[in-house]
Amino acid sequence: MTLSMANTGEAFQIKKIGGKEETRQFLAKLGFVAGGNVTVVSDSNGSMVVSVKDSRVAIGRDLANKIMV
């Protein structure tokens, strides 16, 4: 399932990062790597706030769709 389908408060382990190489590199710099943990903090209409590597990051649904948990 993709991260965009997760409910607020749920914690997951990242299984795979999809998309183009530059997208995967961008997400890796933010801390989204396979094997890492991610928790959904809030979910608004067009964006999500997630906790990854002891930081909170806001990402759009387009990026959340590329993160498999």
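## The nonpolar core

In this predicted model, the largest nonpolar core holds 18 residues, and among its members L3, F32, V38, V50, I59 and I67 touch the most others. At least two residues of this core come from each of β3 (37–43), β4 (47–52), β5 (55–60) and α2 (61–64), and the element that gives the most is β4, with 3 residues. In soluble globular proteins, nonpolar side chains tend to be buried together.

F32 gives a view of how this core is joined: once its neighbours within four places in sequence are left aside, F32 is in contact with L3, I14, I17, L27, V38, V50, V52, V57, I59 and I67. Among these partners, L3, V38, V50, I59 and I67 are themselves listed with F32 as touching the most other core members.

## T2, before β1

T2 is placed in the segment before β1, and it counts as buried because its relative accessibility is 13%, under the 20% cut-off. Its side chain is joined to that of S4 by a polar contact of 3.0 Å. Beyond its neighbours within four places in sequence, T2 is in contact with A64, N65, I67, M68 and V69.

## G9, before β1

G9 also lies in the segment before β1 (11–13), but G9 is exposed, because its relative accessible area of 57% is over the 50% cut-off. Although G9 and V41 are 32 residues apart in sequence, their C-alpha atoms are 5.8 Å apart in space. With its neighbours within four places in sequence left aside, G9 is in contact with T39 and V40.

Methods:
Residues numbered from 1 in each chain as written. Predicted model: local features only at pLDDT ≥ 70, side-chain atom pairs only at ≥ 80, totals over all residues. Heavy atoms only, no water. Core = buried A, V, L, I, M, F, W, Y, C linked by side-chain atoms within 4.5 Å. Buried < 20%, exposed > 50% of the residue type's maximum accessible area, 1.4 Å probe, protein only. Helix = DSSP H or I, 4+ residues; strand = E, 2+ residues; numbered from the N terminus. Contact = heavy atoms within 4.5 Å. Polar contact = N/O pair within 3.5 Å; in protein donor to acceptor, adjacent residues only side chain to side chain.
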